[in-house]
2 protein chains.
Amino acid sequence: MANTDGPTRERISITAYELLKEKGVSGLSMRALADRLHIKAPSLYKHVADKDEIIADLQARGLREFGEAIKKAGKSRKAKALAYRKWALGNPHLYEITVSIPLLRDRIPPGLEDGVTKMIIEITGKDHAHARAVWALMHGLVDLEIAGRFPKDADLDLTWKRAIAMIGKA
Amino acid sequence: MANTDGPTRERISITAYELLKEKGVSGLSMRALADRLHIKAPSLYKHVADKDEIIADLQARGLREFGEAIKKAGKSRKAKALAYRKWALGNPHLYEITVSIPLLRDRIPPGLEDGVTKMIIEITGKDHAHARAVWALMHGLVDLEIAGRFPKDADLDLTWKRAIAMIGKA
DNA sequence: ATTTCAGGCTAACACTGTTAGCAAGGGAGA
DNA sequence: TCTCCCTTGCTAACAGTGTTAGCCTGAAAT
């Protein structure tokens with residue numbers, strides 16, 4: 001071994017997260033990740049089966065942190081909704097890799113996804129169908145905002161206000 | 001010239017669309033596109049500046065066809081909403097490249113995007129903020145459905161019903 | 001007939017994920 | 001202590017991506 005303290009699986013995970021935060025999904029390459037760990041790209045495969053394992057890792061982290069952020073927020077639907085927006089916009093790359101990319105269900109800890117889904121259902125306090133519609137509304141808002149699909153002069157605070165009104169009344 | 005009838009810009013556009021329909025966004029490579037046109041990849045650059053020009057082309061087509069589909073639908077909000085879903089699910093790859101990828105605003109015909117936006121505003125019959133919330137709701141539903149984020153046993157027809165109820169009441 | 005040029009071509013570069021095969025060092029067992 | 005093995009690094013390489021440089025050829029225009 002050339003290096004006495006090689007990268008553990010944990011360090012790889014943390015470094016991947018830092019790289020994602022700084023460079024986004026497209027900047028998360030195996031070579032860039034290896035560089036930060038001061039090893040060569042092929043050596044990563046001694047710790048990890050493939051890139052999907054790293055992505056699954058980040059998706060799990062995203063689900064976990066997102067879940068905590070929502071849990072911490074005030075109890076009202078409005079507070080939860082605004083927490084959703086705040087978290088997603090504060091962690092756009094993590095949000096993207098967690099929600100805008102096919103979820104690697106087989107490779108994340110079981111129950112994680114269900115936990116988040118159930119939490120959304122509890123917040124809305126209605127049936128699954130309603131909860132899914134609410135989730136879709138919030139996801140759509142965030143996705144379009146991150147993707148820059150709304151015009152620059154769009155009043156998104158007002159848009160969220162309208163969206164929250166829609167949730168409350170139906 | 002080896003071939004007497006080389007690919008025109010129009011043929012490139014059509015072939016790219018066919019390729020997208022069949023192979024999806026990830027299958028739309030310059031080499032695969034060139035193959036279908038019976039030329040080599042570098043020759044494409046005699047007709048097109050870069051791949052983004054082709055993507056912008058498809059985004060414009062997506063906006064156009066999507067706009068027509070919504071226009072054709074029944075006048076009720078419900079009919080429009082269901083037309084949105086139907087079109088998106090019927091043209092998932094075109095929907096993805098049009099909406100789930102950053103829009104190349106500088107390279108699509110001016111007014112196209114605004115036209116679609118205005119149409120949505122007209123349908124909702126309220127202010128811009130409300131229209132954007134409605135759009136986000138529909139986009140979120142479709143995006144999550146295409147991405148396979150809803151469980152297999154989810155009743156999505158019911159979810160859309162709830163969503164449409166939300167639109168109507170707020 | 002000569003020239004110009006559109007539109008093909010091959011070779012190549014930098015990047016992506018990934019595999020094969022080699023080497024060196026540390027830890028475990030005899 | 002010696003030896004073996006296994007972990008974990010390495011380089012070279014492959015197939016794929018978008019893209020550029022430079023060459024060649026046939027058709028059209030002067």
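**Notebook: two chains, two DNA strands**

I began at the contact between the protein chains, and across the interface of chain A and chain B I count 2 salt bridges. A reminder to myself before going further: this is a predicted model.

**Entry 1: the chain A and chain B interface**

I looked up one salt bridge by name: the side chain of Arg162(A) meets that of Asp127(B), at 2.7 Å from N to O. Polar contacts came next, and the interface of chain A and chain B holds 11 residue pairs of that kind, with both partners at pLDDT 80 or more.

How many residues of each chain are in contact with the other? I find 36 on chain A and 34 on chain B. The area buried between the two chains comes to about 3,000 Å², and carbon and sulfur atoms give 63% of that area. I then asked which three residues supply more of the area that chain A buries than any other three. They are Arg132(A), Arg149(A) and Met166(A), with 25% of what chain A buries against chain B.

**Entry 2: how the two copies are related**

I laid chain A on chain B and got an RMSD of 0.0 Å, using a turn of 180° and a shift of 0.0 Å along the axis. That is the relation of a two-fold axis. The same surface serves both copies, since 92% of the contact residues of chain A recur in chain B.

**Entry 3: DNA strand C**

Next I turned to the DNA. I find 18 residues around DNA strand C. The closest come from both chains: Arg31(A), Tyr45(A) and Lys51(A), along with Lys40(B) and Lys46(B). Of the strand C atoms that come within 4 Å of the protein, sugar and phosphate make up 50%.

I noted three side chains with a polar atom beside a phosphate oxygen of this strand. For Ser29(A) the distance to a phosphate oxygen of DNA strand C is 3.1 Å. From chain B, Ser43(B) has a polar side-chain atom 3.0 Å from a phosphate oxygen of DNA strand C, and for His47(B) the distance is 3.0 Å.

**Entry 4: DNA strand D**

DNA strand D is surrounded by 18 residues. Here the closest are Lys40(A), Lys46(A) and His47(A), plus Arg31(B) and Tyr45(B). Sugar and phosphate account for 47% of the strand D atoms within 4 Å of the protein.

Where does the side chain of Arg31(B) have an N or O atom 2.7 Å from DNA strand D? At a base nitrogen, I see. The phosphates have partners too: an N or O atom in the side chain of Ser43(A) is 2.9 Å from a phosphate oxygen of DNA strand D. For Met30(B) I had to look at the backbone, where an N or O atom lies 2.9 Å from a phosphate oxygen of DNA strand D.

**Entry 5: inside chain A**

Last, I checked how chain A is divided. Its domain assignment gives domain 1 as residues 1-48 and domain 2 as residues 61-169. Taken over C-alpha atoms, the centres of these two domains of chain A are 29 Å apart.

The domains do touch: 8 residues of domain 1 of chain A are in contact with 8 residues of domain 2 of chain A. Together the two domains bury about 630 Å², with carbon and sulfur atoms giving 68%. On the domain 1 side, Tyr17(A), Leu20(A) and Val25(A) lose the most area to domain 2, together 71% of what that side buries. I sorted the domain 1 residues that touch domain 2 and got 5 nonpolar, 2 polar and 1 charged.

How many salt bridges are counted between domain 1 and domain 2 of chain A? The count is 0. For polar contacts across this domain interface I also wrote down 0 residue pairs, with both residues at pLDDT 80 or more.

How values were computed
Residues are numbered from 1 along each chain as its sequence is written. Chains are lettered from A and ligands numbered from 1 in the order in which they are written. This is a predicted model: local features need pLDDT of at least 70, side-chain atom pairs count only at pLDDT 80 or more; totals for chains, interfaces and linings use all residues. Side-chain values use heavy atoms; hydrogens and water are left out. Copies are superposed by least squares on the C-alpha atoms of residues with pLDDT of at least 70 in both. Contact means heavy atoms within 4.5 Å. Domain bounds come from an automatic or database domain assignment. Buried area is the accessible area (1.4 Å probe) that two parts lose on being put together, summed over both. A salt bridge is a side-chain nitrogen of Lys or Arg within 4 Å of a carboxyl oxygen of Asp or Glu. A polar contact is a pair of N or O atoms within 3.5 Å; within protein, one must be able to donate a hydrogen and the other to accept it, and residues adjacent in sequence count only if both atoms are side-chain atoms. Ala, Val, Leu, Ile, Met, Phe, Trp, Tyr, Cys and Pro count as nonpolar, Asp, Glu, Lys and Arg as charged, and the others, Gly among them, as polar. A residue is near a molecule or strand if one of its heavy atoms lies within 4 Å of it.
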